[in-house]
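Let's walk through this one together, starting with the overall layout and then moving inward. Have the viewer open as you read.

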Amino acid sequence: MQGRSPQPSMELNRLLLLTSFLLHVKEDRASPTRLVCDNRLIQKYIVEAKDMEKKVGQCQALPALRCPAVLPLVDFTFQQWKSKSNETKRREILCDLALLLGAAAGAQGQVSDECGARQLSQLYRHANSFFLLLQTFSWEAGHWEPSCSPHSMEQTHISSIFLTYRQLVQGKLRFFFYDLAKASCKQGAGDSRDPPCEAQ
């Protein structure tokens with residue numbers, strides 16, 4: 001029993017952080033970019049994305065999906081990214097997240113294995129928190145509508161869903177948060193805002 005005690009504490013800490021995260025969004029819609037001034041949050045999500053990808057790889061004999069998951073192609077070049085406005089970047093990431101959420105939800109209905117189902121549920125929650133957050137960021141009038149058609153691919157391997165999510169968080173989302181911080185955040189003592197080295 002003693003060996004299991006840290007898990008509830010970790011879950012509680014994560015829940016408290018996410019609750020604070022979402023409450024801050026709700027109470028500070030006029031200046032949502034303040035949320036990205038502390039880069040520890042996005043780094044935390046990157047670590048958790050890598051951890052989920054590793055854990056689902058350790059699940060035993062996950063079957064191929066009967067209905068392929070439609071996943072966004074999240075690769076991009078730095079030059080292309082720099083040429084886009086923040087609103088264009090936001091909408092592009094929302095499209096990617098919408099497709100990823102649909103893939104995760106569809107896979108959940110096809111996976112009976114407890115290990116795989118647990119990781120899919122966690123991925124869905126994390127991706128959805130980003131999806132809700134980015135809808136509060138807007139540089140144009142009106143609400144985001146799910147009418148986009150991102151480049152996509154079909155995959156039958158559940159691990160591909162986790163790979164795509166990790167690449168999205170580590171790539172577009174990290175660069176997007178960095179762009180907002182660079183434009184809006186004041187550097188404090190000891191706060192390094194060096195740009196990400198690469199989009200992986």
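What percentage of the 200 residues in the chain do buried residues make up? The figure is 39%, where buried means under 20% relative accessible area, exposed means over 50%, and partly exposed is in between, with a 1.4 Å probe and protein chains only. Bear in mind that this is a predicted model: local features need pLDDT of at least 70, side-chain atom pairs count only at pLDDT 80 or more, and totals for chains, interfaces and linings use all residues. Residues are numbered from 1 along each chain as its sequence is written, and side-chain values use heavy atoms, with hydrogens and water left out.

Now the fold. The chain has six helices and two strands, taken as DSSP runs (H or I, at least four residues, for helices; E, at least two, for strands) and numbered from the N terminus. Going along the sequence, you'll meet them as α-α-β-α-α-α-β-α. Among contacts (heavy atoms within 4.5 Å) with a separation of 6 or more, 86% come from residues 24 or more positions apart.

Next, the inside. The largest nonpolar core (buried Ala, Val, Leu, Ile, Met, Phe, Trp, Tyr and Cys residues joined through side-chain atoms within 4.5 Å) has 45 residues, of which Phe-130, Ile-161, Tyr-165, Leu-173 and Phe-177 touch the most other members. Two or more residues each come from helix H2 (40–58), strand S1 (69–72), helix H4 (86–108), helix H5 (114–134) and helix H6 (158–184). H6 is the top contributor, with 12 residues. Click on Tyr-165: beyond its neighbours within four places in sequence, its contacts include Tyr-45, Ala-49, Met-52, Leu-100 and Phe-130.

H2 deserves a closer look. Its buried residues include Leu-41, Tyr-45, Ala-49, Met-52 and Val-56. Viewed down the helix axis, the buried residues of H2 fall within an arc of 165° (taken from the directions from the axis to the C-beta atoms), so they line one face of the helix. Arg-40, Val-47, Lys-54, Gly-57 and Gln-58 are exposed on the other side of H2.

Just before that helix, Asn-39 sits in the loop between helix H1 (6–27) and H2. Asn-39 is partly exposed, at a relative accessible area of 25%. Its C-alpha atom is separated by 8.6 Å from that of Ala-181, though the two residues are 142 residues apart along the chain.

Finally, find Ser-160 in helix H6. Ser-160 is buried, with a relative accessible area of 12%, and apart from neighbours within four places in sequence, Ser-160 is in contact with Leu-71 and Gln-155.
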